[in-house]
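Hi,

Here is the structure I said I would pass on. Have a look at it first, and my notes follow underneath.

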Amino acid sequence: MGVAENNIMNAAMVALSKVGALVFRNNVGTGWAGKMERGKDKPVFVGREDVVVRNARPLNAGLCVGSSDIIGGMRVVITQEMVGQTVLIFLAPEMKTATGRASKEQLAFIAAVVRAGGRAGVARSAAEAVAIARG
């Protein structure tokens with residue numbers, strides 16, 4: 001049994017931080033939100049794992065469909081006219097297990113980041129995430 005993607009991601013975030021990257025976990029998905037009715041302060045449980053949400057509406061989280069598991073930036077010193085200044089280069093490693101595959105939306109997001117001058121790619125370990133950050 002392989003290492004869980006969440007464990008790889010946590011190790012990558014620690015390793016990226018140690019090499020100077022500023023990183024954030026980017027959870028992407030859709031959930032449901034709603035209001036509690038006045039006077040009703042308890043959720044209604046239908047079954048062991050079910051909850052009724054009143055006045056439900058979808059709540060989308062994350063940057064966009066396909067955006068990477070980790071987002072942030074890598075500090076880079078610029079040369080010539082900006083000598084000595086430090087800038088932050090957008091960083092977006094997509095973390096996968098040894099057998100995990102990136103979706104077409106994830107690959108499109110990675111390609112867009114790279115085309116725009118950022119650093120992005122699929123990483124299967126903390127070391128691979130650091131290699132992406134370092135360019």
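Let's start with two helices that meet. This is a predicted model, and in it the axes of helix 1 (residues 5–18) and helix 3 (residues 126–134) come within 8 Å, crossing at roughly 40°. That angle is why helix 1 counts as oblique to helix 3. The crossing itself is right-handed.

Which residues do the meeting? From helix 1 there are Ala11, Ala12, Ala15 and Leu16, and across from them in helix 3 sit Ala126, Ala129, Val130 and Ala133. Sorted by type, the residues of this contact come out as eight nonpolar, no polar and no charged.

Now for the cores. The largest nonpolar core has 18 residues, and the ones that touch the most other members are Leu16, Val23, Ile70, Leu91 and Met95. At least two residues of this core come from each of helix 1, strand 1 (21–25), strand 6 (70–77), strand 7 (86–95) and helix 3. Helix 1 gives the largest share, with six residues. There is also a second, separate core of five residues, and among them are Ala92, Ile110, Val113 and Ala120.

Two of the well-connected core residues are worth clicking on. Leucine 91 is part of strand 7. Is leucine 91 buried or exposed? Its relative accessible area is 0%, so leucine 91 is buried. Setting aside neighbours within four places in sequence, leucine 91 is in contact with Leu16, Ala21, Val23, Ile70, Ile71, Gly72, Gly73, Met74, Arg119, Ile132 and Ala133. You can also check its distance to glycine 121: the two are 30 residues apart along the chain, and their C-alpha atoms are separated by 9.1 Å.

Methionine 95 is the other one. With neighbours within four places in sequence again left out, methionine 95 is in contact with Glu5, Ile8, Met9, Ala12, Asp69, Ile70, Ala123, Ser125 and Ala129.

A few other residues caught my eye. Serine 68 is in the loop between strand 5 (57–61) and strand 6. That loop residue has 0% relative accessibility, so serine 68 counts as buried. Beyond its neighbours within four places in sequence, serine 68 is in contact with Asn26, Ala92, Pro93, Glu94, Phe109 and Ile110.

Asparagine 55 also belongs to a loop, this one between strand 4 (51–52) and strand 5. Its relative accessible area is 54%, so asparagine 55 is exposed. What is the phi of asparagine 55? It is positive, at about 55°, although asparagine 55 is not a glycine. For background, most residues other than glycine have a negative phi.

Lysine 18 belongs to helix 1. At 70% relative accessibility, lysine 18 is classed as exposed. If you want a distance to try there, lysine 18 and valine 130 are 112 residues apart in sequence, with 9.3 Å between their C-alpha atoms.

Last on my list is serine 103, which you will find in the loop between strand 7 and helix 2 (104–115). With a relative accessible area of 27%, serine 103 is partly exposed. How far apart are the C-alpha atoms of serine 103 and asparagine 55? They are separated by 32 Å, with these positions 48 residues apart along the chain.

Cheers

Note on methods:
Residues are numbered from 1 along each chain as its sequence is written. This is a predicted model: local features need pLDDT of at least 70, side-chain atom pairs count only at pLDDT 80 or more; totals for chains, interfaces and linings use all residues. Side-chain values use heavy atoms; hydrogens and water are left out. Axes are lines fitted to C-alpha atoms, for helices over the stretch in contact, and angles run from 0 to 180 degrees between N-to-C directions. Helices (H or I, at least four residues) and strands (E, at least two) are DSSP runs, numbered from the N terminus. Angles under 35 degrees count as roughly parallel, over 145 as roughly antiparallel, 65 to 115 as roughly perpendicular and the rest as oblique. A crossing is left-handed if the near helix is turned anticlockwise from the far one by less than a right angle, and right-handed if clockwise. Contact means heavy atoms within 4.5 Å. Ala, Val, Leu, Ile, Met, Phe, Trp, Tyr, Cys and Pro count as nonpolar, Asp, Glu, Lys and Arg as charged, and the others, Gly among them, as polar. A nonpolar core is a set of buried Ala, Val, Leu, Ile, Met, Phe, Trp, Tyr and Cys residues joined through side-chain atoms within 4.5 Å. Buried means under 20% relative accessible area, exposed over 50%, partly exposed in between (1.4 Å probe, protein chains only).
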